[in-house]
Amino acid sequence: MKTSKIIGKKVLDCNANDVGKVQDIDIDIKSNNIMEIFINSGELSLRKANYTVTPDMIAQVGDYLLLNVAKSDISSEKPKENPDVEIVNPKDLEEKE
């Protein structure tokens, strides 16, 4: 399967809870193995959580990427957070005379 077919797929945990969508895939070119799959939670908040799963956490790939672990098991690995907005001090926005 091509990586372009996997990126953007919805990810479900072993209890059919929505985890997010596949954002990126890390491939070791020398060994032709998938090292990690990056999942964007897609939550509507100022900070979206990104999770990393390994190939051994994947049960199957079809219409969805189905994991063999619960979402709570992934969350406990302290996801990386990427802010969608830049936080600035309002005083920095004021015009200086």
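Start with the whole chain in cartoon view: you should find three helices and seven strands. What you have open is a predicted model. Walk along from the N terminus and the elements come in the order α-β-β-β-β-β-β-α-β-α.

Before zooming in, take in a few overall values. The protein has 97 residues, and 25% of them count as buried. About 7,200 Å² of surface is exposed, with carbon and sulfur atoms supplying 49% of that. Now think about how the chain meets itself: among contacts with a separation of 6 or more, 37% link residues 24 or more positions apart.

**Stop 1: leucine 65**

Select leucine 65, which sits in strand S6, residues 65-67. Is leucine 65 buried or exposed? Its relative accessibility is 1%, and buried means under 20%, so leucine 65 counts as buried. Show what surrounds it: beyond its neighbours within four places in sequence, leucine 65 is in contact with Ile6, Lys10, Val11, Leu12, Val22, Ile37, Ile58 and Gln60. Pick leucine 12 out of that group and draw a distance between the two C-alpha atoms. You should get 6.3 Å, although leucine 65 and leucine 12 are 53 residues apart along the chain.

**Stop 2: isoleucine 7**

Keep leucine 65 on screen and add isoleucine 7. The C-alpha atoms of these two are separated by 10.0 Å, with their positions 58 residues apart along the chain. Isoleucine 7 belongs to the loop between H1 and S1. With 37% relative accessibility, it counts as partly exposed. Leaving out neighbours within four places in sequence, you'll find isoleucine 7 in contact with Val22, Gln23 and Ile25.

**Stop 3: lysine 9**

Stay in that loop, which runs between helix H1 (3-6) and strand S1 (10-12), and select lysine 9. Which side chain of opposite charge is nearest to lysine 9? That is aspartate 63, 5.3 Å away. A salt bridge needs the charged atoms within 4 Å, so lysine 9 has none, even though it is buried. Turn to glycine 62 instead: its backbone oxygen lies 2.6 Å from a polar atom of the lysine 9 side chain. To see the rest of the surroundings, show the residues in contact with lysine 9 outside its neighbours within four places in sequence: Met1, Gly20, Lys21, Val22, Val61, Gly62 and Asp63.

**Stop 4: two loop residues with positive phi**

Next, select alanine 16, in the loop between S1 and S2. Its phi is near 65°, a positive value in a residue other than glycine. Alanine 16 is exposed, with a relative accessible area of 54%.

Then jump to asparagine 32, in the loop between S2 and strand S3 (33-40). Asparagine 32 isn't a glycine either, yet it has a positive phi of about 60°. How is asparagine 32 placed, buried or exposed? It is exposed, because its relative accessible area is 64% and the cut-off is over 50%.

**Stop 5: a nonpolar patch**

Finish by switching on the surface and colouring Ile27, Ile29 and Ile34. Together they make a nonpolar surface patch of about 270 Å². Start from isoleucine 27, which you can find in strand S2, residues 18-28. Isoleucine 27 is partly exposed, at 35% relative accessible area. From there, step along to Ile29 and Ile34 to trace the other members of the patch.

Note on methods
Residues numbered from 1 in each chain as written. Predicted model: local features only at pLDDT ≥ 70, side-chain atom pairs only at ≥ 80, totals over all residues. Heavy atoms only, no water. Helix = DSSP H or I, 4+ residues; strand = E, 2+ residues; numbered from the N terminus. Buried < 20%, exposed > 50% of the residue type's maximum accessible area, 1.4 Å probe, protein only. Lys, Arg positive; Asp, Glu negative; His and termini not counted. Polar contact = N/O pair within 3.5 Å; in protein donor to acceptor, adjacent residues only side chain to side chain. Contact = heavy atoms within 4.5 Å. Patch = residues over 30% accessible without salt bridge, like charges linked within 9 Å, V, L, I, M, F, W, Y side chains within 5 Å. Areas by Shrake-Rupley, 256 points an atom, 1.4 Å probe, with all protein chains shown as cover.
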